[in-house]
Amino acid sequence: VHGAAAIAGIGETRYYERGQSPHTEFQLACIAIRRAVEDAGIALADVDGFVSYLDQRNTPTRLARTLGLRELRWTGVPWAGGGNSMAAAIQTADAAVSAGYARHVVVFRALAQGQFGRFGQAGGGSGGASLRGAFAWNGTYGMLSPAQQCALHTARFMHDHGISQEALCEIALACYANAQRNPRALRYGKPLTRDAYHASRWIVTPFHLYDCCPENDGGAAALVTSTERARDLRHRPVPIVAAATGIGPAYGSFTQATLGSAHYRQVARHLWEAADMGPADVDVAQFYENFTGSVLIAISEMGFAAPEGVEAFVSGGRLVGPDAAFPFNTSGGNLGEAYIHGFGMINESVRQVRGDSTCQVRDVRRALVVAGPGYSPGSAVVFGALE
Amino acid sequence: MSRVLGDGWALPALDDHTRPFFTAGVLTLQQCRACAHVQHPPDDVCEACQAFDLGWFESAGRGRIESVAVVHHAVHPALKDQVPYAIVLVSVTDAPGVLVAGNVFGAAPDAIQIGDAVRVVFEHVTDPTSVETLRIPQWEIVRE
């Protein structure tokens with residue numbers, strides 16, 4: 001299977017601050033999909049599959065009707081969680097194309113939070129028994145947001161491994177620094193300093209404002225087809241070398257076995273084995289930053305550094321720029337470019353392999369994307385240069 | 001005992017899974033009658049042996065703070081006057097593997113440390129809609 005399917009086209013809308021999109025969410029999805037298909041150089045009618053993730057509201061049948069697909073042969077949404085499924089969505093499309101169930105599958109994510117409200121917004125009213133089902137166990141105690149849940153994991157990770165606040169700061173600084181090279185980025189022209197980071201208000205310890213991804217509107221999409229078909233299209237194909245989704249044998253966010261984890265140990269084991277490579281072979285990496293602390297855990301669990309060594313691994317500018325010791329979130333990531341639930345990172349990896357990133361790393365053979373940490377199952381994908 | 005997050009804060013809806021934990025007045029966790037495994041939160045099936053015959057375990061209510069985060073930004077309007085407040089995860093001494101979320105009575109949020117020994121205490125509150133009395137498990141630090 002590996003390398004049998006490839007990304008043939010990528011596209012995105014302009015990115016907007018939350019609630020500022022002049023377009024509806026469905027319109028944003030259509031723009032991103034159309035651009036990815038145009039980038040590949042195929043006809044829109046030839047798309048025959050849609051995959052998304054995270055409670056995508058723009059259904060495949062509505063898209064197929066609107067975009068004029070000849071037929072729809074494959075749909076899929078990985079179960080569970082949120083941004084943790086972002087690479088699993090690519091994996092689902094890879095499986096469909098590699099098995100021959102569909103020929104041209106678009107993977108996409110679109111969101112307009114002005115239209116539909118905030119992702120991860122706390123439910124539950126005040127007064128009376130309003131905290132239902134799973135919400136009762138945490139909401140009763142004022143634990144209502146992803147930031148608060150990830151803070152509890154990060155606090156324990158920092159405590160166990162001697163990680164300081166500066167390590168979290170380094171992730172934010174790197175994303176903002178790389179965004180200064182990327183005109184698409186919402187933080188382009190808005191650099192962040194260490195002092196401004198520390199002076200920013202606390203959201204929930206150990207997260208300052210700048211440790212938390214913003215909320216944005218926009219859409220992004222990628223077209224997956226067979227590497228063989230993609231050879232005849234506009235761009236050099238970017239093969240999906242391997243993807244992995246995983247969790248186990250311990251399940252559940254808040255158990256003694258999983259506290260302080262980002263749910264990436266199993267993903268790492270399967271990904272490196274399937275891709276026949278290790279962390280040292282990665283030329284450029286995108287890590288989904290919902291929260292900076294969760295990224296530190298994911299970097300460690302993916303095998304780039306021992307937990308005790310992760311602060312040194314990210315410090316001293318080692319993540320900044322195209323010549324970084326560890327080229328990281330080169331578009332600015334969720335913090336710096338835009339938070340389209342991580343999908344911008346898929347497109348950035350494709351740009352890195354094609355050689356047209358605004359923060360281009362030299363001679364990229366292997367580009368890694370690690371999806372949202374802290375929620376399970378985690379997922380990750382490696383893209384490669386065509387052999 | 002008034003509530004850590006204020007008497008106006010939302011209450012858990014009571015159902016077959018939540019009622020024992022939030023009303024018993026003893027730290028009550030789900031236990032499998034077939035294999036004695038204790039699991040939290042409760043579910044319809046035992047995660048250790050897949051039995052359906054599930055009952056309840058009364059814990060002695062001692063534990064340890066496994067993680068703590070101090071909330072400064074209220075994500076719900078009803079909590080605006082309550083920040084900063086601490087959320088903790090507590091391991092229960094007589095229920096290995098389980099973590100229970102909670103708040104801590106009588107401690108400044110920044111003073112709560114991972115590793116602190118705690119014991120359960122209860123917030124007594126009447127649900128205005130059902131008139132049922134809740135005894136919500138909370139924690140206080142035990143200084144050795």
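Start by selecting A:Arg18, which counts as partly exposed at 38% relative accessibility. You are looking at a predicted model, so read each value on this tour as computed from that model.

**Stop 1: A:Arg18 and its partner**

Keep A:Arg18 on screen and add A:Glu215. The two form a salt bridge, with the closest N and O atoms 3.1 Å apart. A:Arg18 sits in the loop between strand 2 (16-17) and helix 1 (25-40) of chain A, while A:Glu215 sits in the loop between strand 8 (207-208) and strand 9 (216-226), so the pair ties together parts that are 197 residues apart in sequence. A:Glu215 is partly exposed too, with a relative accessible area of 21%.

**Stop 2: Helix 1 of chain A**

Now select residues 25-40 of chain A, which make up helix 1. Is this helix enclosed or open? Twelve of its 16 residues are buried, so helix 1 of chain A is largely enclosed by the rest of the structure. Among the buried ones are A:Phe26, A:Leu28, A:Ile31 and A:Val37. Color A:Glu25 and A:Asp39 as well, since both of these are also on the buried list.

If your viewer has a ruler, try it on the end C-alpha atoms of this helix: they are 23 Å apart, which agrees with the 22 Å that 16 residues should span at 1.5 Å a residue. Just after the helix comes A:Gly41, whose phi is positive, near 90°.

**Stop 3: A buried salt bridge**

Next, select A:Glu12 and A:Arg351. Their side chains meet in a salt bridge, at 2.4 Å from N to O. A:Glu12 belongs to strand 1 (residues 5-12) of chain A and A:Arg351 to helix 14 (residues 343-354), and the two are 339 residues apart. Are these partners buried or exposed? A:Glu12 counts as buried at 10% relative accessibility, and A:Arg351 is buried with a relative accessible area of 12%.

**Stop 4: A:Ser357**

From A:Arg351, move to A:Ser357, which touches A:Arg351 along with A:Thr330, A:Glu348 and A:Gln352, leaving aside residues up to four places away in sequence. A:Ser357 lies in the loop between helix 14 and strand 12 (366-370) of chain A, and at 11% relative accessibility it counts as buried. What does its side chain reach? The side chain of A:Ser357 makes a polar contact of 2.7 Å with the side chain of A:Glu348, and it reaches the backbone nitrogen of A:Cys359 at 2.9 Å.

**Stop 5: Two helices joined**

Select A:Arg194 and A:Glu166. Here the side chains meet in a salt bridge, 2.6 Å from N to O. The link runs from helix 8 (residues 194-199) to helix 7 (residues 165-179) of chain A, between residues 28 apart. A:Arg194 counts as partly exposed at 33%, and A:Glu166 is partly exposed at 29%.

**Stop 6: Where the chains meet**

Show both chains together. The contact involves 46 residues from chain B and 37 from chain A. About 3,400 Å² is buried between the two chains, with carbon and sulfur atoms giving 64% of that area.

How many salt bridges cross this interface? The rule finds one. To see it, select A:Arg156 and B:Glu66, whose closest N and O atoms are 2.6 Å apart. Add A:Asp160 and B:Arg64, and you have a network of salt bridges linking these four residues. The interface also has 15 residue pairs in polar contact.

Which element of chain B gives the most to the side that touches chain A? Strand 5 of chain B does, with seven residues. The residues on this side of chain B divide into 28 nonpolar, 14 polar and four charged.

**Stop 7: Backbone details**

Finish by looking at the backbone. In chain B, a cis peptide bond joins B:His40 and B:Pro41, with omega about -5°; B:Pro41 lies in the loop between strand 3 (38-39) and strand 4 (54-58). Another cis peptide bond joins B:Val83 and B:Pro84, and B:Pro84 is found in the loop between strand 5 and strand 6 of chain B.

Last, select A:His263, which has a positive phi of about 70° although it is not a glycine. A:His263 lies in the loop between strand 10 (238-246) and helix 10 (265-275) of chain A, and it is buried, with a relative accessible area of 4%.

Definitions and conventions:
Residues numbered from 1 in each chain as written. Chains lettered and ligands numbered in written order. Predicted model: local features only at pLDDT ≥ 70, side-chain atom pairs only at ≥ 80, totals over all residues. Heavy atoms only, no water. Contact = heavy atoms within 4.5 Å. Buried area = accessible area lost by both parts, 1.4 Å probe. Polar contact = N/O pair within 3.5 Å; in protein donor to acceptor, adjacent residues only side chain to side chain. Helix = DSSP H or I, 4+ residues; strand = E, 2+ residues; numbered from the N terminus. Nonpolar A, V, L, I, M, F, W, Y, C, P; charged D, E, K, R; others polar. Buried < 20%, exposed > 50% of the residue type's maximum accessible area, 1.4 Å probe, protein only. Expected span 1.5 Å × (residues − 1).
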